[in-house]
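Work through these exercises with the model open beside you. Try each task before reading its solution.

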Amino acid sequence: MDARFNLFDNEVAGKFAKRFANAGLVIQQSPLPKATQELVSLRASQINGCGWCIDMHTKEAAAAGESAVRLNLVAAWRESTVFTEAEQAALALAEEGTRLADAYQGVSDETWARVRKHYDDDQVAALVVLVALINAANRLAVIVHQRGGSYQPGMFAAAFD
């Protein structure tokens with residue numbers, strides 16, 4: 001199935017994409033560990049079924065040195081031993097923040113307490129904004145059927161240089 005619409009070729013969508021990418025830079029430049037950023041983005045993208053974003057974040061993480069074992073276990077992080085307590089807290093926040101419709105309270109107090117135990121205020125801010133941003137990116141790509149498979153590491157950043 002081909003993409004329904006090319007967001008990168010449309011003037012309005014292109015203007016939005018540049019601002020969206022700039023918002024992403026704030027997170028990338030934050031003190032939230034890069035590995036955590038990619039793991040959180042990957043987990044939310046898995047939940048949302050976004051092939052484009054799964055492709056992007058697995059390849060970006062691998063290019064940054066992330067192991068295949070950890071990338072392969074993100075979907076089953078609770079049943080694995082390769083993630084730190086801090087990463088587990090971030091992955092729980094990603095899941096609960098992505099599945100808002102599945103729980104009337106959204107992110108649980110337990111998950112919030114785990115996040116606060118491991119991350120300072122700037123990291124928490126980056127983590128919360130990241131979950132919101134990746135969910136928005138997933139929705140954009142899924143709506144227009146942007147497919148995964150063709151992404152190359154650095155491609156997104158290069159498009160907005």
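**Exercise 1. Decide whether serine 41 is buried or exposed, then find its partners.**

Step 1. Serine 41 has a relative accessibility of 4%, so it counts as buried. Buried means under 20% relative accessible area, exposed over 50%, and partly exposed in between, with a 1.4 Å probe and protein chains only.

Step 2. Place serine 41 in its element: helix H2. Helices are DSSP runs of H or I with at least four residues, strands are runs of E with at least two, and both are numbered from the N terminus.

Step 3. Look for a polar contact. The serine 41 side chain reaches the backbone oxygen of glutamine 37 at 3.0 Å. A polar contact is a pair of N or O atoms within 3.5 Å; within protein, one must be able to donate a hydrogen and the other to accept it, and residues adjacent in sequence count only if both atoms are side-chain atoms.

Step 4. List the contacts (heavy atoms within 4.5 Å). Not counting residues up to four places away in sequence, serine 41 touches His57, Leu130 and Ile134.

A note on the source: this is a predicted model, in which local features need pLDDT of at least 70 and side-chain atom pairs count only at pLDDT 80 or more, while totals for chains, interfaces and linings use all residues. Residues are numbered from 1 along each chain as its sequence is written, and side-chain values use heavy atoms, with hydrogens and water left out.

**Exercise 2. Follow the contact to histidine 57 and describe its setting.**

Step 1. Histidine 57 lies in helix H3. Its relative accessibility is 10%, so it counts as buried.

Step 2. Not counting residues up to four places away in sequence, histidine 57 touches Glu38, Ser41, Leu42, Ser45 and Ile134.

Step 3. Check a C-alpha distance. Histidine 57 and leucine 39 are 18 residues apart along the chain, and their C-alpha atoms are separated by 7.8 Å.

**Exercise 3. Test the length of helix H7 and find what it packs against.**

Step 1. H7 runs over residues 121–143, which is 23 residues. The expected span is 1.5 Å times one less than the number of residues. That gives 33 Å, and the end C-alpha atoms are 33 Å apart, which agrees.

Step 2. Pick out buried residues of H7, including Leu127, Leu130, Ile134 and Asn135. An α-helix has 3.6 residues a turn, so residues three or four places apart point the same way.

Step 3. The buried residues of H7 pack against H1 (11–28), H2 (34–48), H3 (51–63), H5 (85–98) and H6 (109–118).

Step 4. Take asparagine 135 as a case. Its relative accessible area is 8%, so it is buried. Leaving aside neighbours within four places in sequence, asparagine 135 is in contact with Ala44, Asn48, Gly97 and Thr98.

Step 5. Inspect the ends. At the start of H7, a side-chain oxygen of aspartate 120 reaches to within 3.1 Å of the backbone nitrogen of aspartate 122. Just after H7, histidine 145 takes a positive phi of about 60°. Histidine 145 sits in the loop between H7 and helix H8 (155–159). At 18% relative accessibility, histidine 145 counts as buried.
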